[in-house]
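Have the structure open in your viewer and keep the selection box handy. We will go from stop to stop, and at each one you will get something to select and something to look for.

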Amino acid sequence: EKTGKVLGEFCRCYKEQFGVALFNSVRYEIEGTGGPQAQLLHRKVPLEDHVIYSGNIFQYIEENKKWRNRFCVVPHNYGLVLYENKLAYERELPPRVLVNSAGYKILTSVEQYLELVNNSLPGVTAKSGHSPILKCPTDFPLILWHPYARHFYFCVMTGKEQEKWRAVFQDCVRHCNNGISEDSRVEALAFTDAVRMYRQCKEQFGTWDMLCGNETQVLSNLVMEELLPELRSAIGPRLKGKAPERQRAWIQVSDAVYRMVYELAKAQYDAAVARCEQERPRLESTIRTDMDQIITSKEHLASKIRAFVLPKAEVCVRNHVQPYISSILEALMTPTSQGFAEVREVFFKEVTDMNMNVVNEGGLERLVEYMEKLSHLAFHPVKMQSCYEKMDQLKLEGLQQRFDVSSTSVFKQRAQIHMRQQMDDAVHTFETLLHQELGKLQGRDDLCKSIQRILERVLKKFDYDSSTVRKKFFREALLQITIPFLLKKLAPTCKGELAKFQELIFEDFASFILVENTYEEVVLQSVMKDIMQAVKEAAVQRKHNLYRDSVVMHNSDPNLHLLGEGPAIDWSEEYSGQPEAERRRRAKQVVSVIQDDEGTLPYGLAAEALLQPGSPEPREPQEAQPGLSPSPLEAVREIREALAQESLGDGAEERLMNVSGVPPATPATGSPRGDVPAEPQVPRATAAPPGAQSPSPACHRRGDNEPGEHGERSPPQPGGSTESGEGVQTEF
């Protein structure tokens, strides 16, 4: 009943916002001139239908409370696909687990996890001396925590592996969180505006951490935000057993409810979208026919609202916003500019190293190998981590409480996505220019000079585009922080008076003009001038390396953009000189980027090696204490037991039972890899953001000790996780 009520109200908001978004889209199409032209080329489909990363990792199986070695594959949509082992993957057997990581947090200590679990069910905390909800056999856990869905527990053998896997998992979360495709401009804008309007009706004006994932996931989070407190009050007191058992039961209940809400949200949202799409031809025809009259009517409404609201809004801006704009901007600019500077530095270093190595090692073949690696630099989580980490410094201090910003994660992730896009644009522009030059070169010296010349040319373009992207990001972030604050401040004196303006809208145009949206535009105008001025003044400060607004590069390199329209470059096919069969074999290789450079043993041998002759004698096992990791001997026993069970092939024990009672989803099949659809039916996989479509296997660094091949298909595309009756977790 509660879910139906929330979804009904949201779908009404969506229908209203769809007409407004459609009108704005058509108007922009007719009138819009766009912003400054980008100087770098944009790759249309970077890494379609390829695997990105793979490697072995231990996973905790909740049903039998055992740690098992799994082979983890990350396909181009950044889902996590876990197989029984590498052999099962190569034999095209169904995966054990499919995870869409949207909305998850990556934790690297059991203590962090226990704190979040204790907070999720107030009043239920494991007492000292009792076994906690989770014990990790090593000191290097990796836990995926979600406020509503089930949790996933992993661990590795070394700290270096933990850091690398953490970088990969964070990349997955970052990509999946950005799951609302901006390709469908009207639907995406209507959806995000409907979410905002719905939450504002509930007096929730600030940023929202759970606006992550695809539309159905966001809508499920919206429902759970209201449903969970009631659920906790009704079910929490009825849970029986010791604290860890009650916590475990609560996680299972929350996950089961979340999946049911997801199915209801998907059905109702899809129906609402279908209804709007049916109306779209009629609405669009009216917009194109009556565009001038609609604009005139909207301007008349805006002038009346402006006369009523603007004096109050300007006072509010002057007293409560304007004094803090420069502080907010400085807090945003410092880590963001450092992050983009690091992107530039990483790109420069990789190209310079490649240039030196090609000259020293000789020949076009070496260049081809290096270019295959360089072409996917933006999607290498470990190499890009130094860029992303700069955003961790972002802190708004007291400003966060003043402006009701629940978390800075929204701004961090947005900036990191921009960084990845700028890196890929720079790499793609570099390889396009180099590819054009290769036919004209006369030896190594020419190659070295050409690479250096092209690098300098691309860096100039990067500096300009980086400045444009950052200034736009700063303006959007400032609006995202200040507008909700202003709306909340003005609500007591303005919100109740807005109804009287409804009569100014002609009935024929009521689908395209809303009083609430026009009111927000007026509030935005009241602060926009100050924000634009602040960003303009910041561009003068040399420390942030921003171009002034007066510096505009229009069509400075038109021939380059013509090159960008050509087909994608396949370095190995054009220049490797290898037989076709060998090229195909190399293209299929999947070698884990998650490999300890200091020589960590393969996972099948790691546990045994801990007790080889010459190793220190293990101490006597001690009784486990809450919150502490088990002793090394206990860790060895756990992992040995996992490996022993795995070798017995006892499939029944490892099946992941459906604990929720939700009807099972269709399990993944072991069909030939080419037969697996790119988009599974239940439901849509998380869409790739426009700037970071789909990565490919070339972003792996080949490990020296870990060769391997995979078949022609990509792994199944996860959209969430649930479990089938056959024990295979599938997307929800």
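## Stop one: the sheet

Start with the seven strands of an open sheet, which pair antiparallel in the order β4-β3-β2-β1-β7-β6-β5. A word before you zoom in: this is a predicted model. Colour β4 (97-99) and β5 (105-107), the edge strands, each of which pairs on one side only. Now look at how the strands lie against one another: neighbours in this sheet are turned by 30° on average, with direction ignored.

## Stop two: from β5 to β7

Stay at the β5 edge and add strand β6 (residues 141-145), which runs antiparallel to β5 and is joined to it by three bridges. Show side chains for Leu107 and Ile143 of β6, which stand opposite each other. Next select helix α3 (residues 110-120), which packs on the sheet and touches β5, β6 and β7 (152-155). The direction of α3 makes about 25° with that of β6.

Move on to β7. Four bridges join β6 to β7, and the two run antiparallel. Follow the chain from β6 to β7 and you will trace a hairpin with six residues as its link. Leu144 is a good residue to pick here, as it stands opposite Phe152 in β7.

Which residues of β7 are buried on its two faces? Phe152 and Phe154 are buried on one side, and Tyr153 and Cys155 are buried on the other, leaving both faces covered. In general, side chains in a regular strand alternate between the two faces of the sheet.

Now bring in strand β1 (residues 51-61), which pairs with β7 in the antiparallel sense over two bridges. Select Phe58 and you will find Cys155 of β7 opposite.

## Stop three: β2, β3 and β4

Select strand β2 (residues 66-75) together with β3: their antiparallel pairing runs over three bridges. The two strands form a hairpin with four residues between them. Click on Tyr78 in that turn, where phi is positive, at about 65°. For a bridge pair to display, take Phe71, whose partner in β3 is Tyr83.

Strand β3 (residues 80-83) is covered on both faces: on one side Leu80 and Leu82 are buried, and on the other Val81 and Tyr83 are buried. From here, step to β4, which runs antiparallel to β3 and is joined to it by three bridges. Val81 has Leu98 as its bridge partner in β4.

## Stop four: the nonpolar cores

Leave the sheet for a moment and select Tyr14, Phe347 and Phe430. Of the 157 residues in the largest nonpolar core, these three touch the most other members. Helix α8 (residues 291-361) gives the most to this core, with 24 residues. A second core, separate from this one, has 17 residues, among them Phe58, Tyr60, Ile133 and Cys155. Nonpolar side chains in soluble globular proteins tend to be buried together.

Centre the view on Phe430 and show what surrounds this residue. Beyond neighbours within four places in sequence, Phe430 is in contact with Phe347, Val351, Met354, Met371, Leu374, Ile451, Ile454, Leu455 and Val458.

## Stop five: two crossing helices

Select helix α5 (residues 185-201) and helix α14 (residues 515-538). Their axes come within 12 Å and cross at roughly 90°, which makes α5 roughly perpendicular to α14. At the contact, show Arg196, Met197 and Gln200 in α5, which meet Glu516, Asn517 and Glu520 in α14. Sorted by class, this contact has one nonpolar, two polar and three charged residues.

## Stop six: two loop residues

Find Asp404 in the loop between α11 (398-402) and α12 (409-437). Is Asp404 buried, partly exposed or exposed? Its relative accessibility is 37%, so Asp404 counts as partly exposed. Not counting residues up to four places away in sequence, Asp404 touches Gly206, Thr207 and Lys488. Draw a distance from the C-alpha atom of Asp404 to that of Phe485: they are 7.0 Å apart, with these positions 81 residues apart along the chain.

Finish at Ala499, in the loop between α13 (444-494) and α14. Ala499 counts as exposed because its relative accessibility is 60%. For a last distance, join the C-alpha atoms of Ala499 and Val515, which are 16 residues apart along the chain and separated by 7.8 Å.

Note on methods:
Residues numbered from 1 in each chain as written. Predicted model: local features only at pLDDT ≥ 70, side-chain atom pairs only at ≥ 80, totals over all residues. Heavy atoms only, no water. Core = buried A, V, L, I, M, F, W, Y, C linked by side-chain atoms within 4.5 Å. Buried < 20%, exposed > 50% of the residue type's maximum accessible area, 1.4 Å probe, protein only. Contact = heavy atoms within 4.5 Å. Pairing = 2+ DSSP bridges. Axes fitted to C-alpha atoms, helices over the stretch in contact; angles between N-to-C directions. Parallel < 35°, antiparallel > 145°, perpendicular 65-115°, else oblique. Nonpolar A, V, L, I, M, F, W, Y, C, P; charged D, E, K, R; others polar.
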